[in-house]
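Please find below my notes on the model you sent. They are meant to be read with the structure open.

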Amino acid sequence: MTSVKANAGALTNFEVLDLLNSRGASKDTTRVIASETVSRSEYKVYDYLMETAASTQTRDSVTKFSDKCKGFKLAKAEILNIINLRPSSDVELTPILEKPDEREIDIEGILALVQELLPPLPTVEAHKENEQEETEDGEQPNMETSV
């Protein structure tokens with residue numbers, strides 16, 4: 001593997017997930033034993049990202065959103081956080097933005113853009129289905145016990 005541009009900047013969660021997918025990460029339960037290209041820690045990151053907005057995003061949706069955000073005069077870090085967190089209300093968006101009142105940022109416009117271009121978060125039902133599949137495949141769900 002060769003580096004095209006070393007330390008080109010921060011990556012979105014989608015880009016990290018895409019990289020892990022290209023290296024062979026998957027939800028396969030035998031993955032840790034069979035994989036030599038993906039480490040255990042990378043699988044933990046993969047599992048986490050599959051439960052976030054990154055799992056439903058596409059390269060096209062992330063690129064379109066980034067391009068349209070330029071009109072709002074947001075910092076790159078703010079755009080990255082909006083993509084990663086996919087806020088759905090002003091209460092979730094405002095803490096991401098630095099001094100939104102002083103900069104007169106159109107919060108409603110950004111939220112409309114999020115709704116329009118970024119896919120919805122993975123649903124709770126999808127997580128339950130994944131857990132059910134894992135249980136059927138013989139993997140025990142992680143349950144806490146009280147002593």
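The points below go from the whole chain to helix pairs and then to single residues.

1. Overall make-up. This is a predicted model. The chain holds 8 helices and 0 strands, and its pattern along the sequence reads α-α-α-α-α-α-α-α. Of the 147 residues, 29% are buried. Among contacts with a separation of 6 or more, 60% join residues that lie 24 or more positions apart.

2. Helix H7. This element covers residues 107-117, and its buried residues are Ile107, Gly109, Ile110, Leu111, Leu113, Val114 and Leu117. What do these buried residues of H7 pack against? Their partners are helix H4 (59-69), helix H5 (76-85) and helix H6 (90-93).

3. H4 against H7. The two axes come within 10 Å of each other and cross at roughly 160°. Angles over 145 degrees count as roughly antiparallel, so H4 is described as roughly antiparallel to H7. The crossing is right-handed. On the H4 side the contact involves Ser61, Lys64, Phe65, Lys68 and Cys69, while H7 contributes Leu113, Val114, Glu116 and Leu117. By class, the residues of this contact are 5 nonpolar, 1 polar and 3 charged. Leu113, Val114 and Leu117 also appear among the buried residues of H7.

4. H1 against H3. Helix H1 (residues 13-22) packs on helix H3 (residues 40-49) at an angle of about 130°, and the axes are 10 Å apart. Is this pair oblique or roughly antiparallel? The angle makes H1 oblique to H3, because it does not pass the 145 degrees needed for roughly antiparallel. The crossing of H1 and H3 is left-handed. Asn13, Val16, Leu17, Leu20 and Asn21 of H1 meet Glu42, Val45, Tyr46 and Leu49 of H3. The residues of this contact divide into 6 nonpolar, 2 polar and 1 charged.

5. Asn84. This residue sits in helix H5. Its relative accessibility is 13%, and under 20% is the cut-off for buried, so Asn84 counts as buried. Which backbone atom does the side chain of Asn84 reach? It reaches the backbone nitrogen of Asn13, at 2.7 Å. Setting aside neighbours within four places in sequence, Asn84 is in contact with Leu11, Thr12, Asn13 and Ala53. Asn13 is also one of the H1 residues that meet H3.

6. Arg86. This residue has a positive phi of about 45°, although it is not a glycine. Its place is in the loop between H5 and H6. Is Arg86 buried or exposed? With a relative accessible area of 7%, Arg86 is buried, because the value is under 20%.

7. Lys99. Here too phi is positive, at about 45°, and the residue is not a glycine. Lys99 lies in the loop between H6 and H7. Its relative accessibility is 49%. Exposed requires over 50%, so Lys99 counts as partly exposed.

8. Points to check on screen. For the backbone, look at Arg86, with its positive phi of about 45°, and at Lys99, which also has a positive phi of about 45°. For the side chains, look at Asn84 and the 2.7 Å approach to the backbone nitrogen of Asn13. For the packing, look at H7 and its buried residues against H4, H5 and H6.

Key:
Residues are numbered from 1 along each chain as its sequence is written. This is a predicted model: local features need pLDDT of at least 70, side-chain atom pairs count only at pLDDT 80 or more; totals for chains, interfaces and linings use all residues. Side-chain values use heavy atoms; hydrogens and water are left out. Buried means under 20% relative accessible area, exposed over 50%, partly exposed in between (1.4 Å probe, protein chains only). Helices (H or I, at least four residues) and strands (E, at least two) are DSSP runs, numbered from the N terminus. Contact means heavy atoms within 4.5 Å. Axes are lines fitted to C-alpha atoms, for helices over the stretch in contact, and angles run from 0 to 180 degrees between N-to-C directions. Angles under 35 degrees count as roughly parallel, over 145 as roughly antiparallel, 65 to 115 as roughly perpendicular and the rest as oblique. A crossing is left-handed if the near helix is turned anticlockwise from the far one by less than a right angle, and right-handed if clockwise. Ala, Val, Leu, Ile, Met, Phe, Trp, Tyr, Cys and Pro count as nonpolar, Asp, Glu, Lys and Arg as charged, and the others, Gly among them, as polar. A polar contact is a pair of N or O atoms within 3.5 Å; within protein, one must be able to donate a hydrogen and the other to accept it, and residues adjacent in sequence count only if both atoms are side-chain atoms.
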